[in-house]
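Q: Hi! Could you walk me through the charged side chains in this one?
A: Happy to, let's have a look together.

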Amino acid sequence: MSLTDKVAAEPRWYVIQCKGGESFRAVEHLANQGYELFHPVLEVQKKRRGRLEWVQEPLFPYYLFLRLDQVESNWRPIRSTRGVLKIVTFGKSMPVPVSDDFIALLREHGSTRPEDERQLYFRAGETVEISEGPFKDLQAIFESHKGEERAIVLLNMLHRQQRLEMPVTALKRSD
């Protein structure tokens, strides 16, 4: 076996382009066929039915990675798999493999929720702590959201509750 045959037989990562909004469907159907996949996703907060919820979104909305070798793997069913548009190529040649180091880097730095898992949606009456600004480290009562980025809190100052408006990101759940 020549050196080029050994390289061709070694599994490599390739990029698969998915149909719009169907990357999760493509992952499901390719996995059912036994292919090794990598589909980096992020968890983000989205407003659904009036509430913010954590949802998964693809890091690359129209792409996923598939590990194949040029000799042993069956490439034919990939293009007809539900959700798959095509195997990404440059020109009319064979698909160009993606570096294993790049995939390792994505896996290492891939994240789901933010590190502190701070919920940015609070309920009225909930005790919160102000985490930045002049009132840092003080506790307040969450009153309401004002849009998606601002909040109104009640802070005890001068022997009565004062209404303050601040960024939602400046609040965290009180321990």
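A: Let's start with K146, which is partly exposed, with a relative accessible area of 43%. Bear in mind that this is a predicted model.

Q: Which side chain does K146 meet in a salt bridge?
A: That of E165, at 2.9 Å from N to O. E165 lies in strand β10 (residues 160–167) and K146 in strand β8 (residues 139–146), so the pair ties together parts that are 19 residues apart in sequence.

Q: And is E165 buried or exposed?
A: In between: E165 is partly exposed, at 38% relative accessible area.

Q: OK, how many salt bridges are there?
A: The count comes to eight. One of them joins R67 and D100, with the closest N and O atoms 3.5 Å apart. That pair links distant parts of the chain, with R67 in strand β5 (residues 63–68) and D100 in helix α4 (residues 100–109), 33 residues apart.

Q: Which residues are in a network with R67?
A: E36 and D100 are joined with R67 into one network by salt bridges that share partners.

Q: What about E126, which residue does it pair with?
A: E126 forms a salt bridge with R173, and their closest N and O atoms are 2.3 Å apart. E126 sits in the loop between α4 and β7 (127–130), while R173 is in strand β11 (residues 171–173), 47 residues away.

Q: Switching topic: which residues form the positive surface patch?
A: R48, R49, R51 and R123. R49 lies in the loop between β3 (41–48) and β4 (51–58), and R49 is exposed, with a relative accessible area of 76%.

Key: Residues are numbered from 1 along each chain as its sequence is written. This is a predicted model: local features need pLDDT of at least 70, side-chain atom pairs count only at pLDDT 80 or more; totals for chains, interfaces and linings use all residues. Side-chain values use heavy atoms; hydrogens and water are left out. Patches are made of residues with over 30% relative accessible area and no salt bridge: like charges are joined within 9 Å, nonpolar side chains (Val, Leu, Ile, Met, Phe, Trp, Tyr) within 5 Å. Accessible areas come from the Shrake-Rupley method with a 1.4 Å probe; for residues, only the protein chains shown count as cover. A salt bridge is a side-chain nitrogen of Lys or Arg within 4 Å of a carboxyl oxygen of Asp or Glu. Lys and Arg count as positive and Asp and Glu as negative; His and the chain ends are not counted. The place of a charge is taken as NZ of Lys, CZ of Arg, CG of Asp or CD of Glu. Helices (H or I, at least four residues) and strands (E, at least two) are DSSP runs, numbered from the N terminus. Buried means under 20% relative accessible area, exposed over 50%, partly exposed in between (1.4 Å probe, protein chains only).
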